[in-house]
Amino acid sequence: MTTTLYGIPNCDTVKRARAWLDEHGVAYRFHDFKKQGLPEAELDRWLKAPGWEALVNRRGTTWRKLDDATRASVVDAGSARAVLLANPSLIKRPVVDWSGSPDVTTGFDAEDWAARV
């Protein structure tokens with residue numbers, strides 16, 4: 001099974017993550033949320049682990065562009081799921097499904113990643 005990196009290609013963090021994987025010889029498949037969409041079955045799995053709190057990027061411009069009522073409505077996995085499906089750019093990127101491991105991570109952390117490969 002191949003590691004899968006989910007994100008959008010023009011995201012700076014995704015670019016750094018892809019460069020890191022390439023530099024460390026990690027084979028991976030890239031899933032572009034913009035072109036390929038957000039896979040609902042995977043999202044349901046991610047909402048359990050690493051959890052909805054880790055998936056929702058509250059620092060990004062997509063979050064800031066949401067109206068107050070929508071932001072206030074994100075209080076659990078179910079409400080986060082609806083908002084994330086409507087706004088895939090709201091997901092903290094990248095999401096990485098590590099080959100050979102049940103772990104899924106969000107964001108880029110070189111130290112954590114080095115321990116995984």
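Helices (H or I, at least four residues) and strands (E, at least two) are DSSP runs, numbered from the N terminus. With that in hand, let's work through some exercises.

This is a predicted model, in which local features need pLDDT of at least 70, side-chain atom pairs count only at pLDDT 80 or more, and totals for chains, interfaces and linings use all residues. Residues are numbered from 1 along each chain as its sequence is written, and side-chain values use heavy atoms, with hydrogens and water left out.

**Exercise 1. Place Leu 85 and describe its surroundings.**

Step 1: find the element. Leu 85 belongs to helix H6.

Step 2: check the exposure. Buried means under 20% relative accessible area, exposed over 50%, and partly exposed in between (1.4 Å probe, protein chains only). Leu 85 has 27% relative accessibility, so it counts as partly exposed.

Step 3: list the partners. Contact means heavy atoms within 4.5 Å. Beyond its neighbours within four places in sequence, Leu 85 is in contact with Leu 38, Glu 40 and Leu 43.

Step 4: add a distance. Leu 85 and Gly 37 are 48 residues apart along the chain, and their C-alpha atoms are separated by 9.1 Å.

**Exercise 2. Is His 31 buried or exposed, and what is it in contact with?**

Step 1: His 31 sits in strand E2 (residues 28-32).

Step 2: its relative accessible area is 8%, so His 31 is buried.

Step 3: setting aside neighbours within four places in sequence, His 31 is in contact with Thr 4, Leu 5, Tyr 6, Gly 7, Gln 36, Gly 37 and Pro 39.

**Exercise 3. Describe Lys 65 in the same way, starting from helix H4.**

Step 1: Lys 65 lies in helix H4.

Step 2: with 73% relative accessibility, Lys 65 counts as exposed.

Step 3: Lys 65 and Leu 5 are 60 residues apart in sequence, and 25 Å apart in space from C-alpha to C-alpha.

**Exercise 4. Locate the cis peptide bonds that lead into Pro 50 and Pro 94.**

Step 1: Ala 49 and Pro 50 are joined by a cis peptide bond with omega of about 20°. Pro 50 is part of helix H3.

Step 2: from Arg 93 to Pro 94 the peptide bond is cis, with omega near -10°. Pro 94 falls in the loop between helix H6 (77-86) and strand E3 (95-97).

**Exercise 5. Characterise the largest pocket.**

Step 1: settle the term. On a 1 Å grid over the protein atoms alone, probed with a 1.4 Å sphere, a pocket is an open set of points with protein on both sides within 12 Å along at least five of seven lines, and lining residues have an atom within 4 Å of a point.

Step 2: give the volume, meaning the space filled by probe spheres set on the points. The largest pocket has about 370 Å³.

Step 3: name the lining. It has 18 residues, and the closest to the pocket's centre are Asn 57, Arg 59, Gly 60, Lys 92 and Arg 93. Helix H3 (40-55) and helix H4 (61-65) are the elements that give two or more residues, and H4 gives the most, with 3 residues.

**Exercise 6. Summarise the fold of the protein chain.**

Step 1: the chain has 7 helices and 4 strands, in the order β-α-β-α-α-α-α-α-β-β-α along the sequence.

Step 2: along its principal axes, the C-alpha trace spans about 45 × 25 × 25 Å.

Step 3: of the 117 residues, 40% count as buried. Among contacts with a separation of 6 or more, 58% come from residues 24 or more positions apart.
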